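Colleague: I'd like to go through a few of the labels on this one. Can you walk me through the reasoning behind them?

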Amino acid sequence: MYVENKEIWITGMGIVSALGTDPNACFTQLHSAISPLRPLLLHESIHSEHYIGGAVPLSDTEIRQATNTRHHAYNRTTLLALIASQQALDSAGIEDSTRDIISVNATTVGGMPLTEKYFDAIITGKYQVNTDFINEMDCGSLSRVIRRQHNLNRMHFMISTACSSGSNAIMFGARLIQAGKSSIVLAGGSDSISKFVLNGFLSLKNVDKNMCRPFDRDRFGLNLGEGSAYLVLEEKTHAQKRYKTPLAILSGYGNINENFHITGSSPDGQGAMNAMNLAMQKAALCPEQIDFIHTHGTSTLDNDLAESIAIKSIFGSSIRFGSSKSYTGHTLAASGCISSVLTIGMMQKGFIFPTLGFLNPIEETGMKPVSKVQENVHLKHCLVNSFGFGGNNTSLIFSKPD
């Protein structure tokens with residue numbers, strides 16, 4: 001039976017990003033208001049070192065060591081997910097035995113980094129390549145590995161709705177709990193930087209060689225990033241039986257798919273408005289009760305204009321909002337999960353990060369994100385936006401426990 005009023009607690013979280021390799025490191029770097037973005041090093045790419053982005057500060061070897069796996073065919077996307085998901089399970093106090101947990105995962109890049117590495121060798125036959133990596137190439141492999149490596153004995157799902165994938169994984173996880181399918185869901189996303197992705201965004205002419213400037217009048221485009229973040233979602237009474245306290249409560253969510261353009265947002269912000277309104281309706285909150293909006297904020301011409309129009313239309317010009325893309329880069333399918341973990345960290349520690357690179361507001365709206373660190377802030381309800389290609393818009397609301 002589907003029960004709408006089941007309270008969804010966040011009892012565990014994990015993250016690895018350009019900001020750091022665990023939650024506390026990420027929160028500390030975010031609070032410092034110093035961007036960790038640096039030149040991207042890409043395998044045999046003519047663009048290597050010409051663009052900056054949010055690379056995880058670990059080599060492939062170090063990431064493999066951190067996951068304690070010897071499986072040579074696991075790609076960087078999957079390995080990042082293994083780190084963040086293990087952190088989340090540990091944070092929630094989930095023991096290492098067989099786990100009665102559903103997992104919902106998200107990615108868009110999948111095994112592309114290894115595919116790029118070996119493609120020329122396979123095509124030309126220049127040298128012998130172990131082709132085991134092909135089995136781990138598709139997006140669904142991440143979901144299979146997460147289930148296998150963490151000894152999860154329930155259903156597992158893969159969601160790939162472009163840049164809203166991670167938030168949709170969290171939303172779907174909550175709906176599974178409310179539908180009575182499970183009491184605990186491990187939900188998150190992961191993506192890694194690849195030549196294919198950089199070239200794809202370059203073809204759209206929306207990548208900035210310098211640090212991105214979300215919501216700035218003179219913004220040019222995004223910086224790419226990589227990383228992974230996972231949350232443990234748990235039904236309230238089940239968590240209480242384990243004597244767990246919530247890190248946050250997932251109080252609302254909303255998803256809507258608009259059909260304006262395959263890559264661009266509707267210029268009037270209608271899709272973003274609908275997603276945010278649906279999330280507030282689910283949470284039984286009004287705009288005045290939202291303390292901060294962690295925006296999608298990609299620093300692209302279309303997104304930032306549409307999102308700021310939507311925010312102003314619903315919340316007015318005084319709402320506090322900001323984008324963390326100038327700290328993490330745009331992490332694609334992982335972005336909503338990373339924003340969610342960072343938001344929960346801000347709520348716990350009582351600060352708001354500044355949006356880096358902002359100088360002048362967009363002329364059409366005049367909206368100004370938070371541009372200086374705010375300390376000792378009480379954040380009761382925070383909204384997280386994630387908007388993907390194809391017009392898939394998702395908003396989540398996290399609330400601080402009483």
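Colleague: Why is Glu-234 called buried?

Modeller: This is a predicted model, and in it Glu-234 has 0% relative accessibility. Buried means under 20%, so Glu-234 counts as buried.

Colleague: What makes the contact of Arg-242 with Glu-234 a salt bridge?

Modeller: The closest N and O atoms are 2.8 Å apart, and the cut-off is 4 Å. As for Arg-242, at 25% relative accessibility it counts as partly exposed, since that label covers values between 20% and 50%.

Colleague: And why is Asp-402 called exposed?

Modeller: Its relative accessible area is 94%, and exposed means over 50%. Asp-402 meets Lys-380 in a salt bridge, 2.6 Å from N to O. That pair links distant parts of the chain, 22 residues apart. Lys-380, with 22%, is partly exposed.

Colleague: What does the salt bridge between Glu-226 and Arg-76 tie together?

Modeller: Glu-226 lies in the loop between α7 and β7 and Arg-76 in helix α3, so the pair ties together parts that are 150 residues apart in sequence. The closest N and O atoms are 2.9 Å apart. Glu-226, at 3% relative accessibility, counts as buried, and so does Arg-76 at 13%. Asp-60 is linked with both in a network of salt bridges.

Colleague: How do you know that the span of α3 agrees with what a helix should give?

Modeller: At 1.5 Å a residue, its 16 residues should span 22 Å, and the end C-alpha atoms are 23 Å apart, so that agrees. Helix α3 is also mostly covered, with 13 of its 16 residues buried.

Notes. Residues numbered from 1 in each chain as written. Predicted model: local features only at pLDDT ≥ 70, side-chain atom pairs only at ≥ 80, totals over all residues. Heavy atoms only, no water. Helix = DSSP H or I, 4+ residues; strand = E, 2+ residues; numbered from the N terminus. Expected span 1.5 Å × (residues − 1). Buried < 20%, exposed > 50% of the residue type's maximum accessible area, 1.4 Å probe, protein only. Salt bridge = Lys/Arg side-chain N within 4 Å of Asp/Glu carboxyl O.
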